[in-house]
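User: Got a model open here. Can you walk me through the cysteines and whatever else stands out?

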Amino acid sequence: MRMRAVFFLLSVCSSLILLISVSSACNKALCASDVSKCLLQGLCQCQPSEGNCSCCKECMLCLSTLWEECCDCVGMCNPRTYNETPPTSKSTVEDLHRPIPSLFRALTDGDTPINMMVVSFPIAEELSHHENLVAFLETLDEQHQNVSLPGSSIHSNYDKENLCTVVYFDDCLSIRQCKQYCKSMGASKYRWFHNACCECIGPECLDYGSKSVKCMNCLV
């Protein structure tokens with residue numbers, strides 16, 4: 001039995017490595033641990049590309065709010081849709097370690113820094129997509145009504161009238177530059193659009209800022 005369990009774990013790990021390495025759109029830093037968890041539970045191992053989507057619903061429930069960012073890692077994003085989707089609608093997000101909220105607020109308060117655009121909007125607007133996704137997941141199937149969806153109460157203790165402030169750089173940046181620049185500003189997170197537009201996300205934001213591309217010289 002022990003050997004069988006070892007072979008099973010090795011098989012799952014091999015599948016995870018293969019899936020993540022094959023998909024160029026997979027955000028490994030954000031998705032690896034959650035995808036691994038769902039694969040270990042046997043919830044994301046069907047093959048939609050071969051017409052077998054029997055596990056798609058369970059996989060979506062398991063990945064929860066990370067579904068949109070991580071479906072590529074399990075081969076469940078529609079390849080045709082992905083190829084036809086403009087890069088401005090796809091993005092990679094990541095939390096930054098040891099943010100400096102006071103620095104970010106100081107740099108975004110008052111006059112707009114050169115080569116940047118500062119945008120503030122209500123937190124309720126930032127969370128609207130998150131809430132819609134959670135509501136959709138909760139109503140997929142009655143048998144999952146007791147499933148705990150990570151992040152479903154992300155906004156429960158916050159005033160939705162507060163503002164989320166983000167910074168866009170005017171010019172295109174590589175994902176490495178985006179992360180570095182956002183860290184240097186004291187940002188909490190960053191969003192890098194696949195057209196190379198960079199968005200630094202402030203400490204008041206509860207999710208990953210705005211999904212709108214607003215880099216002045218990097219809109220295509």
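User: Is Cys205 buried or exposed?
Analyst: Buried. This is a predicted model, and Cys205 comes out at 5% relative accessibility, so it falls under the 20% cut-off.

User: What does Cys205 bond to?
Analyst: Cys164, through a disulfide with the sulfur atoms 2.0 Å apart. The S-S torsion is about 90°, so the link is right-handed.

User: Where do the two ends sit?
Analyst: Cys164 is in strand S3 (residues 163-169). Cys205 is in the segment after strand S5 (198-201), so the bond ties together parts 41 residues apart in sequence. Cys164 is buried too, at 0%.

User: How many disulfides are there in the structure?
Analyst: 8. One of them joins Cys197 to Cys215, S to S 1.9 Å. Cys197 sits in the loop between strand S4 (189-193) and S5, and Cys215 in the segment after S5, 18 residues apart. The torsion there is 75°, right-handed.

User: Why does Cys215 count as buried?
Analyst: Because its relative accessibility is 0%. Cys197 is buried as well, with 0%.

User: What about Cys44?
Analyst: Cys44 is joined to Cys59 by a disulfide, S to S 2.0 Å. Cys44 lies in the loop between helix H2 (28-40) and helix H3 (56-63), while Cys59 is in H3, 15 residues apart. The link is right-handed, with 100° about the S-S bond. Both cysteines are buried.

User: Switching to rings. How many aromatic pairs?
Analyst: The structure holds 1.

User: And what lies over the face of Tyr208?
Analyst: Lys189, at 4.7 Å from the ring centre.

Note on methods: Residues numbered from 1 in each chain as written. Predicted model: local features only at pLDDT ≥ 70, side-chain atom pairs only at ≥ 80, totals over all residues. Heavy atoms only, no water. Phe/Tyr/Trp six-rings, centres within 6.5 Å; stacked < 30°, edge-to-face > 60°. Lys NZ or Arg CZ within 6 Å of the ring centre and 35° of its normal. Disulfide = S-S within 2.5 Å. Helix = DSSP H or I, 4+ residues; strand = E, 2+ residues; numbered from the N terminus. Buried < 20%, exposed > 50% of the residue type's maximum accessible area, 1.4 Å probe, protein only.
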